[in-house]
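Welcome, and please open the model in your viewer. We will go from stop to stop, with something to select at each one.

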Amino acid sequence: IDGYEDALNQNVDVDELETATPFLTVLDIDASGSMGDYSDSNSGIMGDCLRNCKNAVINSKQADEMLLAKITFNDNVDIGGFVKPEDLDCTYNTGGVTALNDSIVAGRKLILDYMDQIRNNGGTPRGCLVILSDGCNNASRATDADARKAIDDLQKKEITVAFITFGPDASGIAQNLGVESKNILDCQNDEHGLRMALNMVSKSAISASKRASAGLGTGDTGFFDV
């Protein structure tokens, strides 16, 4: 995976973690050309939403329990490592097509590799992969089957995979990839929809972190049911 070693170098050193039960959240965000209205060079709305999401986590009681990582995808997949909430990179630039499948495969590897490091250090991590896309994959080396396998692997390991269907062109993608219906959020492809979606992500991740800290699983609760 291109750029993966750089992402590993960004990860917080497991010896420096403030908790033995960290909750890892990967934000996997579509940055293809069709998302250009929300880019830093245009309205800057996505960057603003990411900052609001970050600040919500920072100001929560779970802040010390949570680590965030950001992946963006267009022709390529840009992978960021797990960092403390205050260190999340909120820049957002768009262009090109949609390597959705590659981003999912990369997200799986990123979260599982880091969880293995934490477990080897005596910790008990939990986590989620949150995907936002406004359209289907059209540029990946990974196939739909590869993406389905990655999602299935995460779900079997009790890592939540959530999908934000950003507008009608993304309808049905999450279901096709095997994301559990309770973890799919449909929203409008506009500023209001984007702000609502990222607000839900921060609330949901904080809630999931609280449950993990208390030793509770997800049960029948959907990721966005907060």
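Rings of Phe, Tyr and Trp (its six-membered ring) count as a pair if their centres lie within 6.5 Å. Planes under 30 degrees apart make the pair stacked, and planes over 60 make it edge-to-face. Keep in mind that this is a predicted model.

**Stop 1: aromatic rings**

How many aromatic pairs does a search of the whole structure find? The search gives 3 aromatic pairs. Select Y38 and F166 to see one of them: the ring centres are 5.6 Å apart and the planes stand at 65 degrees, so this pair is edge-to-face. The two rings come from distant parts of the chain, with Y38 in the loop between β1 and α2 and F166 in strand β5 (residues 160-166), 128 residues apart. Are Y38 and F166 buried or exposed? Both Y38 and F166 are buried.

Next, select F82 and Y114. Here the centres are 5.2 Å apart and the planes are at 15 degrees, so the pair is stacked. F82 sits in the loop between β3 and α3 while Y114 belongs to helix α3, so the pair ties together parts that are 32 residues apart in sequence. F82 and Y114 are both buried.

**Stop 2: salt bridges**

For the next stop, look for a side-chain nitrogen of Lys or Arg within 4 Å of a carboxyl oxygen of Asp or Glu. By this rule the model has 10 salt bridges.

Begin with K84 and E18, whose closest N and O atoms are 3.3 Å apart in a salt bridge. This pair joins distant parts of the chain: K84 is in the loop between β3 (77-79) and α3 (100-120), E18 is in the loop between α1 (4-10) and β1 (23-30), and 66 residues separate the two. Turn on a surface and look at each partner. K84 has 29% relative accessibility and counts as partly exposed, whereas E18, at 52%, counts as exposed.

Now move to R195 and D48, where a salt bridge brings N and O to 2.7 Å. The two residues are 147 apart in the chain, R195 in helix α6 (residues 191-213) and D48 in helix α2 (residues 45-58). R195 is partly exposed at 29% relative accessibility, and D48 is partly exposed with a relative accessible area of 25%. Add E191 to your selection: D48, E191 and R195 are linked in a network of salt bridges.

One more to select is the salt bridge between the side chains of E180 and K182, at 3.7 Å from N to O. E180 is partly exposed, with 35% relative accessibility. K182 is also partly exposed, with a relative accessible area of 26%.

**Stop 3: pockets**

Rolling a probe the size of a water molecule over the atoms shows where empty space is left. Which residues lie nearest the centre of the largest pocket? Select K70, T72, D78, D89 and T91, which lie nearest its centre among the 19 residues of the lining. The elements giving two or more residues to this lining are β2 (66-73) and β3. The space in the largest pocket comes to about 300 Å³. Colour the lining by class and you will find 7 nonpolar, 8 polar and 4 charged residues.

Then go to the second largest pocket, with a volume of about 220 Å³. Among the residues to select in its lining are I1, D2, D75, N76, V77 and A99. The lining also includes D102, V105, A106, A139, R141 and A142. Which element gives the largest share of this lining? That element is α3, with 3 residues. By class, the lining of the second largest pocket has 7 nonpolar, 1 polar and 4 charged residues.

**Stop 4: one lysine in a helix**

For the last stop, select K109, which is placed in helix α3. K109 is partly exposed, at 31% relative accessibility. Leaving aside residues up to four places away in sequence, K109 touches I1 and Y4. I1 may be familiar from the previous stop, where I1 was one of the residues lining the second largest pocket. To finish, draw a distance from K109 to E86: the two are 23 residues apart in sequence and 23 Å apart in space, C-alpha to C-alpha.

Methods
Residues are numbered from 1 along each chain as its sequence is written. This is a predicted model: local features need pLDDT of at least 70, side-chain atom pairs count only at pLDDT 80 or more; totals for chains, interfaces and linings use all residues. Side-chain values use heavy atoms; hydrogens and water are left out. Helices (H or I, at least four residues) and strands (E, at least two) are DSSP runs, numbered from the N terminus. Buried means under 20% relative accessible area, exposed over 50%, partly exposed in between (1.4 Å probe, protein chains only). On a 1 Å grid over the protein atoms alone, a cavity is a set of points where a 1.4 Å probe fits but cannot get out, and a pocket is an open set with protein on both sides within 12 Å along at least five of seven lines; lining residues have an atom within 4 Å of a point. Grid points are joined across faces, edges and corners, and a volume is the space filled by probe spheres set on the points. Ala, Val, Leu, Ile, Met, Phe, Trp, Tyr, Cys and Pro count as nonpolar, Asp, Glu, Lys and Arg as charged, and the others, Gly among them, as polar. Contact means heavy atoms within 4.5 Å.
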